[in-house]
Amino acid sequence: QYLTEICHIPPGEILVITFTKAAAREMKERYLRLTNSANTAVSFGTFHAVFFQILKLAYGYRADNILRETEKYQFLREAVYKQKLEPDDESELIGSIAAEISKVKNDRVNLQEYKATSCNTKSFTAIFNEYDNRLRRSNKIDFDDMLVYCYQLLKERKDILGAWQRKFRYILVDEFQDINAIQYETVKLLAQPGNNLFIVGDDDQSIYRFRGAKPEIMLNFQKDFPKAVMIQLAENYRSTECIIKGAGR
């Protein structure tokens, strides 16, 4: 509201990103209420929705190219079976491998130098490659690929990057403590050259480290953006005095 009504920034140049569909919808509805508007050119969305939109226009992806969770676990189950692993709990093992594959992709780890934790490294590497090949053969991408492919596209295609930089000249990111490495690198690319980047977060509320979230990215933000101004919201307006004192102790 401040950007559009006070600073007179064209709404179409503003991108607001958060982590869940519900939060994105709530922020959009709040903006519409505040501005007494029926529709908005401001873009509100999750990281995955925004990045998929970029891929969609570049590669022609459709919704049916997105891997469903049931398909994902079927692909992984078959890959695990080929390794003749004998876990006590197959579902738990597959869940652990899925989470580890996600972390490897999001952290852009070199698989050849990676030491697995969900199973022996040789089996994990084979499962990772089998799963990845299965995705390609099926013309599917999973949610981690959305982030990886979008980053690679913007790094490799300066023309496409430039078009999106001109489109989104002002970027606002909510729940920044839950951002992971590849999301951050992509946001940094999109924010150039103006670096009109506004972030909100609380490192005490980071709950997605198991999914690759890195709250230290937020804590080191001013190293990447030395001109950034930090505003600390230290006053608690939500709780009564006795709760605040108890929490303080």
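A crossing of two helices is called left-handed when the near helix is turned anticlockwise from the far one by less than a right angle. That idea comes back further down, once the overall layout of this predicted model is in place.

Start with the whole chain. The protein chain holds twelve helices and four strands. Its C-alpha atoms fill a box of roughly 60 × 55 × 35 Å along the principal axes, and 41% of its 249 residues count as buried. Contacts reach far along the sequence: among those in the protein chain with a separation of 6 or more, 71% are between residues 24 or more positions apart.

Next comes the sheet. The four strands make up an open sheet, lined up in the order S2-S1-S3-S4, with parallel pairing. Strand S2 (43-46) and strand S4 (197-199) sit at the edges with a single partner strand each, so one side of each has no neighbour in the sheet. On average, neighbouring strands here are turned by 20° against each other, ignoring direction. As for how S4 is held at its edge, three bridges join it to strand S3 (residues 170-173), and the two run parallel. One pairing between them is that of Val 173 with its bridge partner in S4, Ile 199.

Helices pack against this sheet. Helix H3 (residues 47-59) touches strand S1 (14-18), S2 and S3, and its direction makes about 110° with that of S2. Helix H9 (residues 181-191), meanwhile, lies across S1, S3 and S4 and runs at about 155° to S3.

H3 also has a helix for company. Two packed helices are described by the angle between their axes and the distance between the axes. For H3 and helix H7 (residues 143-156), the axes come within 9 Å and cross at roughly 60°. The pair is therefore oblique, and H3 passes H7 in a left-handed crossing. On the H3 side, the contact is made by His 48, Phe 51, Phe 52, Ile 54, Leu 55, Ala 58 and Tyr 59. H7 brings Phe 143, Met 146, Leu 147, Tyr 149, Cys 150, Leu 153 and Leu 154 to the contact. Sorted by class, the contact between H3 and H7 comes to 13 nonpolar residues, one polar residue and no charged ones. H3 thus appears in both parts of the picture, touching three strands of the sheet and crossing H7.

Notes: Residues are numbered from 1 along each chain as its sequence is written. This is a predicted model: local features need pLDDT of at least 70, side-chain atom pairs count only at pLDDT 80 or more; totals for chains, interfaces and linings use all residues. Side-chain values use heavy atoms; hydrogens and water are left out. Two strands pair if DSSP finds at least two bridges between them. Axes are lines fitted to C-alpha atoms, for helices over the stretch in contact, and angles run from 0 to 180 degrees between N-to-C directions. Contact means heavy atoms within 4.5 Å. Angles under 35 degrees count as roughly parallel, over 145 as roughly antiparallel, 65 to 115 as roughly perpendicular and the rest as oblique. Ala, Val, Leu, Ile, Met, Phe, Trp, Tyr, Cys and Pro count as nonpolar, Asp, Glu, Lys and Arg as charged, and the others, Gly among them, as polar. Buried means under 20% relative accessible area, exposed over 50%, partly exposed in between (1.4 Å probe, protein chains only).
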